[in-house]
Amino acid sequence: MSDQTPLSDHAPPGPELWASIDALWEWLDNSRPIDGPDGVLLRILKLNEEVGEVAEAVIGATGQNPRKGVTHTWDDVQSELCDVAVTALVALRTLTPDAREVFARHLERVTRRSRTPS
């Protein structure tokens, strides 16, 4: 990890990310079979499915299931983690049109907290 840029040198996600999140949100919102509060809850629950796919990929990459052996790569794990991040941002956008600002404020708090000695 020492070859990676420190967290403090990263800018919050830019407009390209949020344009994509807005486009995905709009597409999903126009396509969802269940509207209202139940639709919102289902959008949030989608995160559980995606996290489960991360776990499956890690188990597959490490060969921890002796019946199946190695079924995934660490690239698969990375891809599944990205799916979690995108799903979370779309869920946040579902809750508020100000998702970009909400996320930026939260990221700043988490970053500041990480710089504070325990």
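In which helix is the place of glutamate 50? Glutamate 50 is found in helix H2, and this tour of a predicted model will return to that residue after a look at the whole chain.

**The whole chain**

Please begin with the full chain in cartoon view. The chain contains 4 helices and 0 strands, and its elements follow the order α-α-α-α from the N terminus. Next, display the surface. The accessible surface amounts to about 8,500 Å², and carbon and sulfur atoms account for 58% of that surface. Of the 118 residues in the chain, 19% are buried. Among contacts with a separation of 6 or more, 58% are made by residues 24 or more positions apart.

**The nonpolar core**

Now select Trp18, Ile21, Trp25, Leu89, Val90, Leu92 and Ala99, and show their side chains. These 7 residues form the largest nonpolar core. Helices H1 and H3 each contribute at least two residues to this core. Within the selection, centre the view on leucine 92. Setting aside neighbours within four places in sequence, leucine 92 contacts Ala99, Val102 and Phe103; Ala99 is itself a member of the core.

**The largest pocket**

Return to the surface to locate the largest pocket, which holds about 350 Å³ of space. The pocket is lined by 16 residues, and those closest to its centre are Leu28, Arg43, Lys46, Thr87 and Val90. To see where the lining comes from, colour helix H1 (15–31), helix H2 (36–62) and helix H3 (74–95), each of which supplies at least two lining residues. H3 gives the most, with 5 residues. By residue class, the lining comprises 9 nonpolar, 3 polar and 4 charged residues. Val90 deserves a second look, as it belongs both to the residues closest to the pocket centre and to the largest nonpolar core.

**Arginine 43**

From the pocket, select arginine 43, which lies in helix H2. Is arginine 43 buried or exposed? Its relative accessibility is 10%, so arginine 43 counts as buried, the cut-off for that class being under 20%. Apart from neighbours within four places in sequence, arginine 43 is in contact with Trp25, Leu28, Asp29, Arg32, Val90, Ala91 and Thr94. Draw a distance between the C-alpha atoms of arginine 43 and alanine 91: the two residues are 48 residues apart in sequence and 5.9 Å apart in space.

**Leucine 47**

Remain in helix H2 and select leucine 47, which also has its place there. With a relative accessible area of 22%, leucine 47 is partly exposed. Not counting residues up to four places away in sequence, leucine 47 touches Val84, Thr87 and Ala88. A further C-alpha to C-alpha distance may be drawn from leucine 47 to valine 86, which are 39 residues apart in sequence and 9.5 Å apart in space.

**Back to glutamate 50**

The last selection is glutamate 50, the residue in helix H2 with which the tour opened. Why is glutamate 50 classed as buried? Glutamate 50 is so classed because its relative accessible area is 7%, and buried means under 20%. Which residues does glutamate 50 touch, not counting residues up to four places away in sequence? They are Glu80, Asp83, Val84 and Thr87. Keep Val84 and Thr87 selected to finish, since leucine 47 touches both of them.

Key: Residues are numbered from 1 along each chain as its sequence is written. This is a predicted model: local features need pLDDT of at least 70, side-chain atom pairs count only at pLDDT 80 or more; totals for chains, interfaces and linings use all residues. Side-chain values use heavy atoms; hydrogens and water are left out. On a 1 Å grid over the protein atoms alone, a cavity is a set of points where a 1.4 Å probe fits but cannot get out, and a pocket is an open set with protein on both sides within 12 Å along at least five of seven lines; lining residues have an atom within 4 Å of a point. Grid points are joined across faces, edges and corners, and a volume is the space filled by probe spheres set on the points. Ala, Val, Leu, Ile, Met, Phe, Trp, Tyr, Cys and Pro count as nonpolar, Asp, Glu, Lys and Arg as charged, and the others, Gly among them, as polar. Buried means under 20% relative accessible area, exposed over 50%, partly exposed in between (1.4 Å probe, protein chains only). Contact means heavy atoms within 4.5 Å. Accessible areas come from the Shrake-Rupley method with a 1.4 Å probe; for residues, only the protein chains shown count as cover. A nonpolar core is a set of buried Ala, Val, Leu, Ile, Met, Phe, Trp, Tyr and Cys residues joined through side-chain atoms within 4.5 Å.
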